[in-house]
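Please look at the sequence and the 3D structure shown here before reading on. The explanation that follows is best read with the structure in view.

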2 protein chains.
Amino acid sequence: MATMTDIAREAGVSLSTVSYALSGKRPISDATRERVQAAIDRLDFHPRASARALALQRTSLLGLAVPQRPDVDDHVVMEFVGSILGAAHEQDYDVLLVTAEDHARTLRVAEEGKVDALIVMDVVEGDARIPSLARLHSPVVLIGNPQDAGGLACVDFDFLAGAMLAVRELHARGASRVAMLKPPSAGPDGPVPTYARRSRLGYAMACAELGMESHVVELPPEPEAVTSFVRDHLVEQREFDGLFVHHEPALALLGRTLLAQGVHCPDDLQVVAVSPADVAMNGPWEVSSVDIPIPAIGQTSVAMALERLSTHETPAHARLLSPAFVPRGTTRAR
Amino acid sequence: MATMTDIAREAGVSLSTVSYALSGKRPISDATRERVQAAIDRLDFHPRASARALALQRTSLLGLAVPQRPDVDDHVVMEFVGSILGAAHEQDYDVLLVTAEDHARTLRVAEEGKVDALIVMDVVEGDARIPSLARLHSPVVLIGNPQDAGGLACVDFDFLAGAMLAVRELHARGASRVAMLKPPSAGPDGPVPTYARRSRLGYAMACAELGMESHVVELPPEPEAVTSFVRDHLVEQREFDGLFVHHEPALALLGRTLLAQGVHCPDDLQVVAVSPADVAMNGPWEVSSVDIPIPAIGQTSVAMALERLSTHETPAHARLLSPAFVPRGTTRAR
DNA sequence: CTGTTAGCGCTTTCAA
DNA sequence: TTGAAAGCGCTAACAG
């Protein structure tokens, strides 16, 4: 529990010399630096973070609001958290976690200056938290891209471009009747992910562009629903020769069902998913996909937060990460 | 960005009066309190956390080291994190997350006083981090119960008692040949979970106590391994009539395999698992189990950390949460 | 290259 | 019931 004053006395120099020796913000003679370092080692000194925070008006802490709702995938959340931790640590920032459900607390850690900036995961369309977040004086970065971001910075995968790319890749490989598979849209009350609209729009635009009919299928992630969809539309009627799947919870299930009903990919049917790489490679197949780069989103969110912290002039904007197609086992060569 | 000095001026009182009005640590006349509160509202004042931390020498932050290794279950990690967040928030603490893999950083947040105490998840037998953690001046709580905790506080489920309870319950329901199923012990280099030894010991002790032979089966969580175990020991030879399963990754798989091979629970075979409740209810069956109370472990870790923070006199000790048996579908009535 | 000193914004003793 | 003032431990002018 030695303080800098102790070090100064021990090393026979002044307080500020110790400070500058540590920060390197002004030249210190080698001799002095060594005596200071020796004193630090001898007394096992560690600078007090709270004192530094008060003097500097920066805590070197990033706030992260994580969703705890049962319907969000813990695996995805942990991947976000991990990439954000990593990116923050690289810039010597630590991460303070708050649950998104406790929004009052989220606001409070920002208002009381416990954190220098806030990253908010799992933003939904018309998110009720946006107005209060926009009122904050600290930088806020939303993960997600709501129609009205209230002037806040956003990072997300470019789901519109991703959907278009997926459909184009299917078409370029010979598919001419491509359906989109997605989860049922929640009731008017339920939360709508910010990507839902954009993904669907991208699908429709690509279909129009390529002169294909668009056909959106909303599928509950239950075995029965998937089974009957495959039976009715892919086996009895060979209605589609391409599937654009934006439906993570049903992806592995779909693979098992196609296998069980003898629909062979990519011969009978080509499939391209939009999903994180690991879920595309989960289950009995490896799905060609437009991968959602979760780590890159996390890293970008940290970069944006820190950017807004240093240069206060950056105009608020959304950053949408560009898609890339990863051919795996469910598409033909082109 | 108003400070307390601003509030004092605005309300026409002294700085200390504002402080006491907020903390309630000395009586303030209603009139004064109201004027202070009015000023606070008018100026939108929020106390600066870093100033308070410096004055109080407490940050109201708990450090939490979470594992990021690919072989730990994200779902379990998130359940721990959630319960720890909840318990911390209840005591007006926030949680700073560090990855367990970056141990240097974990130590640093404690040494620099960024956190008041540290909770370390996923402690393994002979954990290399223990000596350095023990040297810290802040309270540390380990989740896990290593043979040598180096004088640190520990919280864990009582796996020894849990294993004994599981075996006794099987025996009381008529099982007389009970095998234990567990994952393969890692090589001598790999990390050994702190519960491995205790769970196995509990199984052996209960078998001895009940006059049963003990038979430990180490099973890789692969379909082939499970299939051949079921075939060889449960179908061709009906070697066991009870299974004590401490093997989370194989549990659902075992259920599917038994179903496929026509082994019926609880008629042909009774099964009791040690696992979190949700994994016991996952897959094609609902396994009777001794539930690992993850939320309670998380809450207890927070309680212990805060306890050691207030009363420095508490002797270091391990707290082992007692098991309870939850009958589900894989055991008979007794 | 080094020292002196005035903050950062709160808490709390001491004094009224 | 209230006020004045001394810290908490560091940073960063300002002054040599």
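The paragraphs below go from the two protein copies to the DNA strand and then to the parts of one chain.

This is a predicted model, in which local features need pLDDT of at least 70 and side-chain atom pairs count only at pLDDT 80 or more, while totals for chains, interfaces and linings use all residues. Residues are numbered from 1 along each chain as its sequence is written, chains are lettered from A and ligands numbered from 1 in the order in which they are written, and side-chain values use heavy atoms, with hydrogens and water left out.

Two copies of a chain are related by a rotation about an axis and a shift along it. Here, a turn of 180 degrees and a shift of 0.1 Å along the axis lay chain A on chain B with an RMSD of 0.1 Å, where the superposition is by least squares on the C-alpha atoms of residues with pLDDT of at least 70 in both copies. The two copies are thus related as by a two-fold rotation axis. Of the residues of chain A, Leu96(A) comes closest to this axis, with its C-alpha at 2.2 Å. Both copies use the same surface, since 100% of the contact residues of chain A recur in chain B (contact means heavy atoms within 4.5 Å).

How many residues surround DNA strand D? There are 26, and the closest are Met4(A), Thr17(B), Arg26(B), Ser29(B) and Thr32(B), where a residue is near a strand if one of its heavy atoms lies within 4 Å of it. Sugar and phosphate make up 60% of the atoms of DNA strand D that come within 4 Å of the protein. A polar side-chain atom of Ser29(B) lies 2.9 Å from a phosphate oxygen of DNA strand D, and a backbone N or O atom of Ser14(B) also lies 2.9 Å from a phosphate oxygen of that strand. Arg26(A), in turn, has a polar side-chain atom 3.5 Å from a base nitrogen of DNA strand D.

The domain assignment, which is automatic or comes from a database, divides chain A into domain 1 (4-55), domain 2 (61-157 + 294-321) and domain 3 (159-292). The C-alpha centres of domain 1 and domain 2 of chain A lie 35 Å apart. Ser60(A) is buried, with a relative accessible area of 17% (buried means under 20%, exposed over 50% and partly exposed in between, with a 1.4 Å probe and protein chains only). Leaving aside neighbours within four places in sequence, Ser60(A) is in contact with Asp92(A), Tyr93(A), Asp94(A), Asp116(A) and Lys114(B).

Technical notes. A polar contact is a pair of N or O atoms within 3.5 Å; within protein, one must be able to donate a hydrogen and the other to accept it, and residues adjacent in sequence count only if both atoms are side-chain atoms.
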